[in-house]
Amino acid sequence: MIWRTALSVTWRGDGATVARNVVVALAAAAVTLVACAATSAVFMVHGVNERAAARAFQLVESGETADLSTDVTYDSIRGEQIFVHYWRIETDGVMIPGVPPDATVGDWFVSPELQQQIGRDHLLAGRFPGARIIGEDGIGSADELVAYRLVGPEVDLRWRLSNVAGSEHIGLDAGVTVIDVAIGATGLVVVFGTGLLRAAFGPVSTGLRRRLALLHALGATRAVQQLVAAAGIAVSAAPPAAAAALAW
């Protein structure tokens, strides 16, 4: 009975009731989209920072044994900077993030975004011949333009690294912490959620008030009346919220 009453109040009531519930539906969809976007941002930043930490090495002092040697130069494509890292593995068994163990001297590896650019530009392909894809653990973000090349001892590389976590990043981290993003995301959800609550619990329409009065006259308890009102909000908000989440 409660759900049948809520449905009749929501979409078959007077014009003011329908208009109010349209506002509730739109607010629910907006809040859901904001919540989905905020959650995605938190997970994205967490993933970027985790990969950045996995690609952070410690510089070694002169005379100490290094696990890796590296250097970086810069290329460009249509004004976008490409980071070109040269690597030499100094200690057997040490892995470069994103590079498979079967890599050999002279091999090129490029980020997925750069690979797509290469597919559209044959001249660019000539700059990174036979390039393979860098694995996900070697990429900071989806749009990163990075190339790796393995070189032999004949190439002089500036930086000597130890294969332990340090402050020398291959690429960049997200630039913010997960906590910062989570706080900002929570603020957005609260702001938009407040708008939803104001729309949902705003002035009760004439149609709903009449039905609640009728239920009261029929002996319905206050709890039942509150359930009818809440069910009306759920009927208005749940479908657009579910649709927004699915669309996201």
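**Exercise 1. The nonpolar cores**

Task: In this predicted model, find which residues of the largest nonpolar core touch the most other members, and which strand gives the most to this core.

Solution.
1. The largest nonpolar core has 14 residues. Those that touch the most other members are Leu 68, Trp 87, Ile 96, Val 99, Phe 109 and Tyr 148.
2. With 3 residues, strand β6 (residues 146-150) is the element that gives the most to this core.
3. Another core, of 12 residues, lies apart from the largest one. Its members include Trp 108, Ile 118, Phe 128 and Ala 147.
4. Now take the contacts of Phe 109, leaving out residues up to four places away in sequence. Among them are Val 99, Pro 100 and Ala 103, then Arg 132, Ile 133 and Ile 134, and also Val 146, Ala 147, Tyr 148 and Leu 150.

**Exercise 2. The faces of helix α3**

Task: Determine which residues of helix α3 (residues 112-120) are buried, and what covers them.

Solution.
1. Leu 114, Gln 117 and Ile 118 are the buried residues of α3.
2. Viewed down the axis of α3, the buried residues lie within an arc of 100°, and therefore they line one face of the helix.
3. Exposed residues Gly 119 and Arg 120 sit on the face of α3 turned away from its buried side.
4. The cover over the buried residues of α3 includes β2, β3 (80-89) and β4 (108-110), together with α4 (122-127) and β6.

**Exercise 3. The surroundings of Thr 70**

Task: Place Thr 70 in its strand, decide whether Thr 70 is buried or exposed, and list what Thr 70 touches.

Solution.
1. Thr 70 belongs to strand β2, which spans residues 68-77.
2. The relative accessible area of Thr 70 is 6%. Buried means under 20%. Thr 70 is therefore buried.
3. A polar atom of the Thr 70 side chain lies 3.0 Å from the backbone oxygen of Tyr 86.
4. Not counting residues up to four places away in sequence, Thr 70 touches His 85, Tyr 86 and Trp 87, as well as Leu 157, Arg 158, Trp 159 and Leu 161.

**Exercise 4. Pairing with strand β7**

Task: Work out how β1 and β7 pair, and how many bridges join β2 to β7.

Solution.
1. Strand β1 (residues 56-59) pairs with strand β7 (residues 159-162) in the antiparallel sense, over 2 bridges. Leu 59 has Leu 161 in β7 as its bridge partner.
2. Strands β2 and β7 run antiparallel and are joined by 3 bridges. Opposite Ser 69 stands Arg 160 in β7.

Conventions. Residues numbered from 1 in each chain as written. Predicted model: local features only at pLDDT ≥ 70, side-chain atom pairs only at ≥ 80, totals over all residues. Heavy atoms only, no water. Helix = DSSP H or I, 4+ residues; strand = E, 2+ residues; numbered from the N terminus. Buried < 20%, exposed > 50% of the residue type's maximum accessible area, 1.4 Å probe, protein only. Polar contact = N/O pair within 3.5 Å; in protein donor to acceptor, adjacent residues only side chain to side chain. Contact = heavy atoms within 4.5 Å. Pairing = 2+ DSSP bridges. Core = buried A, V, L, I, M, F, W, Y, C linked by side-chain atoms within 4.5 Å. Arc of directions from axis to C-beta.
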